[in-house]
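Here are my notes after going through the model you sent. I kept them to a handful of numbered points, so have the viewer open as you read.

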Amino acid sequence: MKVLILFFVLLSFSSIAQTEQVLKSPDGKIAITVSLGDQILYTVKHENDVIIAASPISMKLSTGETLGSKPKLSAAKRSKTDQAIEASLYKRKKIQDSYNELKLTFKGDYGIIFRAYNDGAAYRFTTSKKKDFNVVEEQAAFSFSSDYTALVPYVKDSKPTYEEQFWNSFENTYTSTKLSAIDSKRLIFLPLLVDVAGKKVCITEADLEEYPGMYLVNKDGSQKLTGVFAPYPKTVEQGGHNKLQLLVKERENFIAKVKGTRAFPWRVMVIAAEDRNLADSDIIYKLAAPSRVADAGWIKPGKVAWDWWNDWNIYGVDFKAGINNDTYKYYIDFASANNIEYVILDEGWAVNLQADLMQVVPEINVKELVDYGKQKNVGIILWAGYYAFDRDMEKVCKHYSEMGVKGFKVDFMDRDDQEVVNFYYRAAEMGAKYKMLIDFHGAFKPTGLQRTYPNVINFEGVHGLEQLKWGAPSIDMVEYDVTIPFIRMVAGPMDYTQGAMRNATKHSYRPVNSDPMSQGTRCHQLAEYVIFESPLNMLCDNPSNYMREPECTKFIASVPTTWDDTRALDGRVGEFVAIARQKGNDWYVGAITDWNARELTLDLSFLPNGNYNVELFKDGVNAHRAARDFKQETITLDQSKKIKVSLAPGGGFVAKISVK
């Protein structure tokens, strides 16, 4: 008996002492190898392809410890999970959450959790220390075995130092570059995409709480990307856009103040053998903390009639358009007539330069507008600058919720250090307390907060349609449109603000602030309401223009913003994308292309057997010259359940498929 006990003890010790641990995904295609020596290295493979080469990870603490340096493993625990998540306000109602997990516990009261999904890999540090501490530095590395091509979203303004670049809007197009040619002086915000010999890996993070967001850099012209984090703010000063921001004047010599026992953010690698699968990833939602809102039944997604993009430029009325009650009643009337759930009062309703949301300009009576909207079944959402909202958060939320306002669009954070990340959670919690929606603009990418607080209904962090109001004529928004579903949208919903009724070809576009236009065809704009994930979705153009386009307006106003199911049908990064989404018994299909005309055959064989009507909008025969040209048709889906689609340059296609 003693010999048997000794055998098991030796077996257990041998297992723990192993210098290499391998974790495979449920389907066996993805393998994470963790090597323990003087440091901790991880490698990720998909089948026989090395996606992430051996990469070191560690965390330096203010106590002098470096987690991951000369690690001493004390336990290795494996588990399997296969469960269904009931999703809220998402692109599907039910998510199958299947993964294998490896928990490594080390001497020194810390650990690392690795997860292998069928479509990706993730890891996070954990600590179980008795005392709180500061994180001085985190080493997060992503090495590659060859000089692959990456699609890189640099911080937009090329400022001399990283410190200056930490203040940014997280909006830019993508630069295609070899890893070794990445500009070492520029920060890269997430998500980022790397083409690994045809397979794609999208790098981002999830469950970012009480910690700064991660940037990536390539400091030495190698094939390795390294994490960089904004240090904790030491002193801040009111300033920036209309004095609505807090500018960091001095930073500490650490990146985060943290509790002794906690889990840190997930470092995530979403892997796709086919590009289209990136446009339908659920990993970030799965890795996020579950909902902290006990009753989310009051949260109402929907469309928003928006004032700012179109510069309040309405016409055919007998009052002077602008920031005044007459104009907003006109927006409310339009929203009501088209069953649009909300109207937003963007910047200008509160007194400028005061950063005080209790001071309203004399031309606006918020209570009158709220009451008028209530009569018309239209809710009011208010824009708020970051500092103005944060300084009086509870007072503001209580006051306007009692008035009947439905939520806030909070703008111009333009940072992701720990203090701002903490602000997101405070705003989300306060919004939930007073049953108010929160839409974050001037924001970093989502990391799952929309699951934890479902009242956080949308995020910017995208180079959206607003850029065409003032962007250089050389800006290529059409190519960007067929890139973001595979990169930015992997992180979560995005407030791109589509819906332009003035549409331009590649050569006829020009920036016009007060009467803006989109690039690409009318159907390109319509299809974006299906392609882009956006539970709170703007109609960016002005009501006067929409009233002249009743067919298009009726269609986009009726497209749902949350879904029962989603299927990515086809796509290639930077070229085209086609997605189908289900709501009840209906399916909506959208497709958009770059500046190349394209013929697609969309396979809808997943539909149950039956007879279907298809209401569709397609590019007109002259859409290559007049981008506003479209054709509306109603057809019957034949037994092949395939639809042939012809896309003009910068074109689009959208359809509603209903059972006969």
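**Notes on the predicted model**

1. Aromatic pairs. Searching the whole structure, which is a predicted model, turns up 36 aromatic pairs. Take Phe170 and Phe189: the ring centres are 6.1 Å apart and the planes sit at 80 degrees, so this pair counts as edge-to-face. The two residues come from distant parts of the chain, 19 residues apart. Phe170 is in the loop between H2 and E12, while Phe189 is in the loop between E12 and strand E13 (192-196). Buried or exposed, what is Phe170? Phe170 is buried, because its relative accessibility is 3% and the cut-off for buried is under 20%. Phe189 is buried too, with a relative accessible area of 7%.

2. A second pair to look at. Tyr386 and Phe423 are also edge-to-face, with 4.8 Å from centre to centre and 70 degrees between the planes. Here the pair ties helix H6 (residues 386-391), which holds Tyr386, to helix H8, which holds Phe423, and the two residues are 37 apart along the chain. Both Tyr386 and Phe423 are buried.

3. Asn172. You'll find Asn172 in the loop between helix H2 (162-165) and strand E12 (175-178). Asn172 has a relative accessible area of 13%, so it is a buried residue. What does the side chain of Asn172 reach at 3.0 Å? The answer is the backbone oxygen of Tyr154. Leaving aside residues up to four places away in sequence, Asn172 touches Tyr154, Val155, Lys156, Arg186, Phe189, His463 and Tyr480. Phe189, from point 1, is thus a neighbour here as well.

4. The parallel sheet. Seven strands make up an open sheet in the order E27-E26-E25-E24-E23-E22-E30, and the pairing is parallel. Strand E27 (456-459) and strand E30 (536-539) are the edges, each pairing on one side only. On average, neighbouring strands in this sheet are turned by 30 degrees against each other, ignoring direction. Helix H8 (residues 418-433) packs on the sheet and touches strand E25 (407-411), E26 and E27. The direction of H8 makes about 155 degrees with that of E26. At the E27 end, strand E26 (residues 437-440) and E27 are joined in parallel by three bridges, and Phe440 has Phe459 as its bridge partner in E27.

5. The UniProt domain. An unreviewed UniProt entry lists residues 308-462 as "domain: Glycosyl-hydrolase 97 catalytic". In the model, that span is 39% helix and 15% strand, and its end C-alpha atoms lie 17 Å apart.

6. Strands E2 to E4. Strand E3 (residues 40-46) is largely enclosed by the rest of the structure, because five of its seven residues are buried. On one side, strand E2 (residues 30-36) runs antiparallel to E3, with seven bridges joining them; Ala31 has Lys45 as its bridge partner in E3. E2 and E3 form a hairpin with three residues in between. E3 also pairs with strand E4 (residues 49-61), again antiparallel, over six bridges, and Ile40 stands opposite Ile57 in E4. How many residues lie between E3 and E4 in their hairpin? There are two, and Glu47 in that turn has a positive phi of about 55 degrees.

Key:
Residues are numbered from 1 along each chain as its sequence is written. Side-chain values use heavy atoms; hydrogens and water are left out. Two strands pair if DSSP finds at least two bridges between them. Helices (H or I, at least four residues) and strands (E, at least two) are DSSP runs, numbered from the N terminus. Axes are lines fitted to C-alpha atoms, for helices over the stretch in contact, and angles run from 0 to 180 degrees between N-to-C directions. Contact means heavy atoms within 4.5 Å. Buried means under 20% relative accessible area, exposed over 50%, partly exposed in between (1.4 Å probe, protein chains only). A polar contact is a pair of N or O atoms within 3.5 Å; within protein, one must be able to donate a hydrogen and the other to accept it, and residues adjacent in sequence count only if both atoms are side-chain atoms. UniProt positions are given in the numbering used here, feature names are shortened, and annotations may be inferred rather than shown by experiment. Rings of Phe, Tyr and Trp (its six-membered ring) pair if their centres lie within 6.5 Å; planes under 30 degrees apart count as stacked, over 60 as edge-to-face and the rest as tilted.
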